[in-house]
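Here's a quick tour of the fold you have on screen. Pull up the sequence alongside and follow along.

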Amino acid sequence: MVDSSHSTGTPDTAPHDVIIVGGGLAGGLIALALHRHAPGCRFLVVEAGRTLGGHHRWSWFETDIPAQERALVEGFHLNGWDEGYDITFPRLTRTLPTAYRSLASAEFHRALMAELPADRVLLETKAAALDDGGVTLADGTRLAAKRVIDCRPFKSSKALAGGWQVFLGQHFKCEKPHGLTRPVIMDASVDQVAPHGNGEAYRFVYVLPLSPDEVFIEDTYYADQPKMDADVLKGRVAEYAHRNGWKGEVIDQAAGILPVISGGDFAAATAEVAIPRVALAGARGGFSHPLTSYTIPFAISNALAIARLIAARPELSGADLAAFCKRRARSHWRGTAYYRMLSRMLFEAAE
């Protein structure tokens with residue numbers, strides 16, 4: 001725990017060099033990168049939940065992450081498939097060769113808590129206010145810091161256009177081997193019917209064979225509204241398992257609603273959540289894929305860039321770090337324009 005008797009000071013004498021608010025994927029990886037690449041940095045992660053990373057599963061194609069950056073996650077126990085993956089549509093099935101990886105949030109939490117110093121992580125601790133001199137907790141405790149990084153969850157904005165990716169996945173322990181050897185990234189042969197009250201949707205099922213007798217089945221759809229009928233999605237997952245002859249018990253579940261961005265005023269959207277001289281990272285800062293909602297490649301890249309910058313420039317101010325992250329966010333927005341165009345096709349042009 002943090003000794004609050006030392007939680008005051010000016011930015012130059014603050015007890016923390018960096019406070020990371022939000023211990024999700026982005027915040028946790030920044031902490032890990034600082035620990036490994038800026039060993040002199042006195043950082044602290046403030047997370048409102050009981051675990052780092054929440055309750056999620058992050059997946060990515062091997063080629064999404066440059067080879068020189070993969071070491072940051074190689075310390076985690078990953079599910080991996082080197083023989084490629086399948087995609088299925090009503091009249092087309094294809095196997096593509098790219099290797100695929102997946103990380104469960106329980107493993108993310110376990111590995112980070114094992115490697116990070118115990119006094120660098122505050123769990124079940126809510127931040128009430130952030131500013132360029134530190135963080136005020138919900139109980140009134142003040143934690144001073146030279147730099148603050150805001151990694152709290154994405155906040156929707158009327159300045160952005162697009163839709164939502166809604167999903168619910170269940171981890172099955174099967175009674176006998178399921179027979180899959182590679183992931184099914186998209187099975188769109190399923191009925192294209194949205195849950196009641198959610199408008200039109202593009203639906204597919206996503207399947208990961210986690211072990212010979214364990215499989216993760218996720219029902220996913222793109223929709224105009226951020227609404228979820230969890231019971232309907234659970235029923236769809238059960239139906240898909242039954243169709244494939246997979247009998248067993250559900251041992252875990254993950255669900256979420258993620259933004260799919262097709263356009264808008266990025267500067268206006270980030271201005272709504274920006275705090276002067278506080279760095280923005282993670283999905284809140286705009287670092288997500290505008291079509292797939294993937295975040296891990298950008299979280300890894302940002303974490304390493306931030307850690308190396310702080311290691312190289314110990315005198316770096318909070319304002320300088322905020323400007324650095326803002327420049328990266330603008331570059332990311334420009335670099336993903338093609339995918340926003342595809343999102344516009346999906347939401348505005350496709351039947």
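Contact here means that heavy atoms lie within 4.5 Å of each other. Keep in mind that this is a predicted model.

With that in hand, start at Leu321: leaving aside residues up to four places away in sequence, it touches Arg147, Ile149, Ala279, Ile306, Leu309, Ile310 and Leu316. Leu321 is also one of the buried residues of helix 7, along with Gly318, Ala322, Phe324, Cys325, Ala329, His332 and Trp333. Helix 7 runs over residues 318-335, and its 18 residues should span 26 Å at 1.5 Å a residue; the end C-alpha atoms are 26 Å apart, so the two agree.

Now zoom out to the core. The largest nonpolar core has 46 residues, and Leu29, Leu34, Ile149 and Leu321 touch the most other members. Elements that each supply at least two residues include helix 1 (25-37), helix 3 (105-115), helix 6 (296-312) and helix 7. Helix 6 gives the largest share of this core, ten residues. A second, separate core of 19 residues includes Val166, Phe172, Val184 and Val190.

Next, the sheet. Seven strands form an open sheet in the order 6-5-13-14-15-12-16, with mixed pairing. Strand 6 (92-96) and strand 16 (248-264) sit at the edges with a single partner strand each, so one side of each has no neighbour in the sheet. On average, neighbouring strands are turned by 15° against each other, direction ignored. Helix 8 (residues 337-349) packs on this sheet, touching strands 12, 14, 15 and 16, and its direction makes about 105° with that of strand 16. At the strand 6 edge, strand 5 (residues 85-89) pairs with strand 6 in the antiparallel sense over five bridges, and Asp86 has Thr95 as its bridge partner.

On to the charges. The whole structure holds 18 salt bridges, and three of them are set out below.

| Pair | Closest N to O | Relative accessible area |
|---|---|---|
| Asp131 and Arg142 | 2.8 Å | Asp131 25%, Arg142 25% |
| Lys173 and Asp213 | 2.9 Å | Lys173 31%, Asp213 22% |
| Arg313 and Asp320 | 3.7 Å | Arg313 34%, Asp320 36% |

Glu62, Arg70, Asp82 and Arg101 are joined into one network by salt bridges that share partners.

What does the salt bridge of Lys173 and Asp213 tie together? Lys173 lies in strand 12 and Asp213 in the loop between strand 14 and strand 15, so the pair links parts that are 40 residues apart in sequence.

How values were computed
Residues numbered from 1 in each chain as written. Predicted model: local features only at pLDDT ≥ 70, side-chain atom pairs only at ≥ 80, totals over all residues. Heavy atoms only, no water. Helix = DSSP H or I, 4+ residues; strand = E, 2+ residues; numbered from the N terminus. Expected span 1.5 Å × (residues − 1). Buried < 20%, exposed > 50% of the residue type's maximum accessible area, 1.4 Å probe, protein only. Pairing = 2+ DSSP bridges. Axes fitted to C-alpha atoms, helices over the stretch in contact; angles between N-to-C directions. Core = buried A, V, L, I, M, F, W, Y, C linked by side-chain atoms within 4.5 Å. Salt bridge = Lys/Arg side-chain N within 4 Å of Asp/Glu carboxyl O.
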